[in-house]
Amino acid sequence: MTAPMMDDDLIQPFQVEPCGLRGRLVRLGPALVDLLSGQDYPPVVARLLGQAAALAAVLASSLKYDGLFTLQIKGDGPVSMLVLDVSSDGDMRGYARFERDRIDGLDGADVPHLLGAGQMAFTVDQGADTERYQGITELEGATLGECAQAYFRTSEQLETAILLACNGERAGGLMVQRLPDAAGEDPDDAEENWRRGVILASSAKAMELTDESLPAQQLLLRLFHEDGVRVYDPRPLRFNCRCSYEKVEATLKAFPVDQVADMVVDDRIEVTCEFCQTTYVMDGTPLKSLLEPE
Ligand SMILES: [Zn+2]
């Protein structure tokens with residue numbers, strides 16, 4: 001029998017009032033295994049993508065949205081692109097593009113070695129007729145967490161600390177953000193409380209963030225027990241790709257006919273989803289109607 005309590009693939013919101021902070025703890029287990037399966041990523045790429053998945057989940061969960069949150073990271077290094085998206089229902093998926101021969105000779109696994117120079121962009125798409133939120137920042141930091149922290153500091157003026165970890169099979173993410181000072185609170189005290197909170201959060205080890213046997217709430221208690229941590233209802237995460245034959249067909253319909261014709265090999269077009277590796281085959285009458293639209 002499985003326990004009804006949610007203890008994996010989740011976002012755990014929390015608040016530590018004496019430190020003047022709120023935060024999110026993300027744990028990814030089976031959802032990450034599903035996200036990575038069938039992709040044949042080198043271990044170093046899988047770990048980077050796992051960290052990016054944890055980052056996408058902490059960032060998405062800090063926003064109020066109804067739709068799709070996308071994290072896209074591009075660089076000029078051996079890993080040229082990471083794409084992750086998280087729906088407001090908790091469906092997530094992602095993939096990495098990389099050059100295998102450039103990965104083999106690497107002597108470092110940090111952001112400058114793997115991604116090089118580039119940018120990290122966040123978008124929130126809430127459907128037609130709504131404004132798209134977009135944030136963008138240069139890749140300036142040794143870790144993806146540091147790059148995202150820089151974004152909040154410069155663009156949002158929001159003090160933030162982010163820790164990410166992935167061991168290739170499991171990933172974890174911890175983000176804390178400073179709350180507005182309490183009414184009547186001495187600014188120096190508030191600053192000191194926040195700094196203490198960041199030190200406590202930063203004491204989380206990579207092994208603890210990915211430890212399957214350490215439940216999320218227990219980890220938060222371990223980190224913030226002196227100040228007391230208030231936890232809210234966790235939210236589930238799962239791997240789920242939204243691709244479909246109909247979406248592939250709609251995408252192809254948007255291309256000029258001569259470009260679609262160029263994609264035909266042996267009287268068919270094969271399109272493989274980068275997120276889940278599902279291959280869709282377009283042939284026969286549907287292909288004919290793509291090539292000879294009315
Ligand atoms: Zn797919």
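# Chat about a predicted model

Q: How many disulfides does the structure hold?
A: The structure holds zero disulfides. Keep in mind that this is a predicted model.

Q: Why is there no bond between Cys-166 and the closest cysteine sulfur?
A: The two are too far apart for a bond. The closest cysteine sulfur belongs to Cys-147, and it sits 17 Å from the sulfur of Cys-166. A disulfide needs the sulfur atoms within 2.5 Å.

Q: Is Cys-166 buried or exposed?
A: Cys-166 is buried, at 11% relative accessible area.

Q: And Cys-19, buried or exposed?
A: Cys-19 is buried too, with a relative accessibility of 1%.

Q: New topic: helix α8. Which residues in α8 are buried?
A: Helix α8 runs over residues 216-224. Its buried residues are Ala-216, Leu-219, Leu-220, Leu-223 and Phe-224.

Q: Where do they fall, seen down the axis of α8?
A: The buried residues of α8 fall within an arc of 110°, so they line one face of the helix.

Q: Why can residues that are not next to each other in sequence point the same way?
A: An α-helix has 3.6 residues a turn, so residues three or four places apart point the same way.

Q: What covers the buried residues of α8?
A: Several strands and helices take part. The strands include β1 (10-16), β2 (21-28), β9 (171-178) and β10 (230-231). The helices include α6 (187-202) and α7 (206-210).

Q: You mentioned β2. Where does Arg-27 lie?
A: Arg-27 lies in strand β2.

Q: Is Arg-27 buried or exposed?
A: Arg-27 is buried, with a relative accessible area of 1%.

Q: What is Arg-27 in contact with, leaving aside neighbours within four places in sequence?
A: Quite a list. Among them are Asp-8, Asp-9, Leu-10 and Ala-171. The list also includes Glu-208, Leu-209, Thr-210 and Asp-211. Ala-216 is in contact with Arg-27 as well, and Ala-216 is one of the buried residues of α8.

Q: What about Val-58? How many Å separate its C-alpha atom from that of Arg-27?
A: The separation is 9.8 Å, while the two residues are 31 residues apart along the chain.

Q: Let's zoom out. Which domains does the assignment give?
A: The assignment gives domain 1 (10-239) and domain 2 (245-291). Their centres, taken over C-alpha atoms, are separated by 35 Å.

Q: How many residues does the contact take from domain 1 and from domain 2?
A: Domain 1 gives nine residues to the contact, and domain 2 gives four residues.

Q: What area is buried between domain 1 and domain 2?
A: About 620 Å² is buried there. Carbon and sulfur atoms give 55% of that area.

Q: Which three residues supply more than any other three on the domain 1 side?
A: Gln-39, Arg-93 and Tyr-95. They supply 59% of the area that domain 1 buries against domain 2.

Q: How many salt bridges are found across the interface of domain 1 and domain 2?
A: The rule finds one salt bridge across that interface.

Q: What does Glu-274 form a salt bridge with?
A: Glu-274 forms a salt bridge with Arg-97. Their closest N and O atoms are 2.8 Å apart.

Q: Last thing: what is phi for Asp-267?
A: Asp-267 has a positive phi of about 65°, although it is not a glycine. Asp-267 sits in the loop between α10 (257-262) and β13 (269-272). At 63% relative accessibility, Asp-267 is exposed.

Q: And what about phi of Gln-277?
A: Phi of Gln-277 is positive too, near 70°. Gln-277 lies in the loop between β13 and β14 (279-282). Its relative accessible area is 36%, so Gln-277 is partly exposed.

Conventions
Residues are numbered from 1 along each chain as its sequence is written. This is a predicted model: local features need pLDDT of at least 70, side-chain atom pairs count only at pLDDT 80 or more; totals for chains, interfaces and linings use all residues. Side-chain values use heavy atoms; hydrogens and water are left out. Buried means under 20% relative accessible area, exposed over 50%, partly exposed in between (1.4 Å probe, protein chains only). Helices (H or I, at least four residues) and strands (E, at least two) are DSSP runs, numbered from the N terminus. The arc is that of the directions from the helix axis to the C-beta atoms. Contact means heavy atoms within 4.5 Å. Domain bounds come from an automatic or database domain assignment. Buried area is the accessible area (1.4 Å probe) that two parts lose on being put together, summed over both. A salt bridge is a side-chain nitrogen of Lys or Arg within 4 Å of a carboxyl oxygen of Asp or Glu.
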